[in-house]
Amino acid sequence: MMVVTTPTGDIGAQVLARILENGEAVRVIARDPARLPARVHEGAEVVPGSHGDADVITKALAGADRLFWLVPPPPFSSPGPAGDYYLNFTRPASQAAASQGVGVVSVTTLGHGYRGQAGLLSGALAMDELIEDAGVAYRALAMPFFMENLLHQVRPIKEQGMFSMANTAGRPLLAVATRDIAAAAAALLLDASWSGRARVPLVSPDNLTPTGMAEVISDTLGRPVRYQQVPVADYQAMMRRRGASPAMAQGFAEMTEAQNDGIYDAEPRDQAAATATSFRQWCRDVLKPAVG
Ligand SMILES: NC(=O)c1ccc[n+]([C@@H]2O[C@H](COP(=O)([O-])OP(=O)(O)OC[C@H]3O[C@@H](n4cnc5c(N)ncnc54)[C@H](OP(=O)(O)O)[C@@H]3O)[C@@H](O)[C@H]2O)c1
């Protein structure tokens, strides 16, 4: 039996679809089961509630072999540091998985070994330590920047021919498409043979800077799109104006500074093969239809 969290989320839904296709017994945890499509109700057991809740996750893990674990992105209004959010959300699951002998496959960040403060990314790395220290069999899918983050910029791309972030324009920003994360997660969930702990870095075959991404986007859309780098402090202030708590705005700012400082390169990935989806392919398949 597999347990899949976030079945309504981008990655969780793709992981679940692959497991259902394979015909494996699967249980999902959903805050609002009414939002799940009919094929999920037909093919999976549904446990209502949040996977951050101790009673819910303990119930969901009864008799399970594997858990797909994904901490929801922290709400903008979170009052405390990002690290606390990831740890508080994960603690009940790590305890339940340890006591029930369930192997965990999780989505986390690349950057293991980075020594600086990295905001949200420090939170995800602390989560990995928590799960490992609980003695759980663990595969940490270690991710760079999701290509899907650019879907938040469809409007400026379409209307102004630009997108903006606080990432250094000329520094490579490693990236990955969420479909490749889901494929790797499903393969590990369906594989009963692994034990112990390992990190599984997943990085696309590109090594593009944000400026290089803008060039590929321009080529794919057939019109000019430029990248605009904004200062990290401006980005932090913009997040505050949009309702982020001071702690969350700081967590995002520290994350970006760590990306600009090379956090993703801190983690060795010598053995890791590149994922299937290049940035150009992703732009063709996902960004172009979204921009229209
Ligand atoms: N973006 C990046 O570049 C990047 C890079 C590395 C790692 N990550 C990690 O990737 C993860 C995000 O994955 P994603 O893009 O698949 O997320 P997503 O599409 O935003 O989905 C979020 C899911 O979380 C659920 N959810 C929200 N709040 C919840 C709560 N309080 N309790 C239970 N469920 C809740 C949502 O369900 P409802 O339907 O109930 O709302 C939804 O299923 C984060 O852990 C992030 O740290 C992101």
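## Helix packing in a predicted model

Helix H8, which covers residues 210–221, packs against helix H11, residues 279–291, at an angle of about 60° and with the two axes 10 Å apart. These values, like all the others in this report, are computed from a predicted model. An angle of that kind falls in none of the ranges for roughly parallel, antiparallel or perpendicular pairs, and H8 and H11 are therefore oblique to each other. The crossing in which H8 passes H11 is right-handed. On the H8 side the contact is made by Met 213, Val 216, Ile 217, Thr 220 and Leu 221, and on the H11 side by Phe 279, Arg 280, Cys 283, Arg 284, Leu 287, Lys 288 and Val 291. Sorted by class, the residues of this contact are eight nonpolar, one polar and three charged.

Two further helix pairs can be set beside this one.

| Helix pair | Angle between axes | Distance between axes |
|---|---|---|
| H8 and H11 | about 60° | 10 Å |
| H4 and H5 | about 25° | 8 Å |
| H1 and H7 | about 45° | 8 Å |

**H4 and H5**

With an angle of about 25° between them, and with angles under 35 degrees counted as roughly parallel, H4 and H5 are therefore roughly parallel to each other. Their crossing is right-handed. From H4 the residues Ala 82, Gly 83, Tyr 85, Tyr 86, Leu 87, Thr 90, Arg 91 and Ser 94 take part, and they meet Leu 120, Ser 122, Gly 123, Ala 124, Ala 126, Met 127, Leu 130 and Ile 131 of H5. The contact of H4 with H5 is made up of ten nonpolar residues, five polar ones and one charged.

**Helix H10 and its cover**

H4 and H5 appear again around helix H10, since the elements covering the buried residues of H10 include helix H4 (82–100), helix H5 (120–133) and helix H9 (232–241). H10 itself runs over residues 246–260, and its 15 residues reach 21 Å from the first C-alpha to the last, close to the 21 Å expected at 1.5 Å a residue. Its buried residues are Met 248, Ala 249, Gly 251, Phe 252, Ala 253, Glu 254, Met 255, Thr 256, Ala 258 and Gln 259, a list in which the charged Glu 254 stands beside residues such as Phe 252 and Met 255. After H10 comes Gly 262, which has a positive phi, near 90°.

**H1, H7 and the loop before H1**

Helix H7, residues 178–190, has 13 residues and reaches 18 Å from its first C-alpha to its last, close to the 18 Å expected at 1.5 Å a residue. Thr 178, Arg 179, Asp 180, Ile 181, Ala 182, Ala 184, Ala 185, Ala 186 and Leu 189 are the buried residues of H7. Against H7 packs H1, at an angle of about 45° and with the axes 8 Å apart, which makes H1 oblique to H7. H1 passes H7 in a right-handed crossing. The residues of H1 that meet H7 are Asp 10, Ile 11, Gln 14, Val 15, Arg 18, Ile 19 and Asn 22, and their partners in H7 are Thr 178, Arg 179, Ile 181, Ala 182, Ala 183, Ala 185, Ala 186, Leu 189 and Leu 190. By class, ten of the residues in the contact of H1 with H7 are nonpolar, three are polar and three are charged.

Ile 11 of helix H1 counts as buried because 21 C-beta neighbours lie inside 10 Å. Leaving aside neighbours within four places in sequence, Ile 11 is in contact with Thr 6, Leu 70, Val 107, Thr 178, Ile 181 and Ala 182. Ile 11 and Arg 179 are 168 residues apart in sequence, yet their C-alpha atoms are 7.2 Å apart in space. Likewise, Ala 183 and Gln 14 are separated by 169 residues in sequence and by 8.0 Å in space, C-alpha to C-alpha. Ala 183, which lies in helix H7, has 18 C-beta neighbours inside 10 Å and so counts as partly exposed.

Thr 6, one of the contacts of Ile 11, is found in the loop between strand S1 (2–4) and helix H1 (10–22). Most residues other than glycine have a negative phi. Thr 6, although not a glycine, has a positive phi of about 50°. With 22 C-beta neighbours inside 10 Å, Thr 6 counts as buried.

**An exposed residue**

Arg 155, in helix H6 (residues 154–160), has 10 C-beta neighbours inside 10 Å and therefore counts as exposed. Arg 155 and His 51 are 104 residues apart in sequence and 33 Å apart in space, C-alpha to C-alpha.

Technical notes:
Residues are numbered from 1 along each chain as its sequence is written. This is a predicted model: local features need pLDDT of at least 70, side-chain atom pairs count only at pLDDT 80 or more; totals for chains, interfaces and linings use all residues. Axes are lines fitted to C-alpha atoms, for helices over the stretch in contact, and angles run from 0 to 180 degrees between N-to-C directions. Helices (H or I, at least four residues) and strands (E, at least two) are DSSP runs, numbered from the N terminus. Angles under 35 degrees count as roughly parallel, over 145 as roughly antiparallel, 65 to 115 as roughly perpendicular and the rest as oblique. A crossing is left-handed if the near helix is turned anticlockwise from the far one by less than a right angle, and right-handed if clockwise. Two residues are in contact if their C-beta atoms, placed from the backbone, lie within 7 Å. The expected span of a helix is 1.5 Å times one less than its number of residues. A residue is buried if 20 or more other C-beta atoms lie within 10 Å of its own, exposed if 12 or fewer, and partly exposed in between; C-beta atoms are placed from the backbone.
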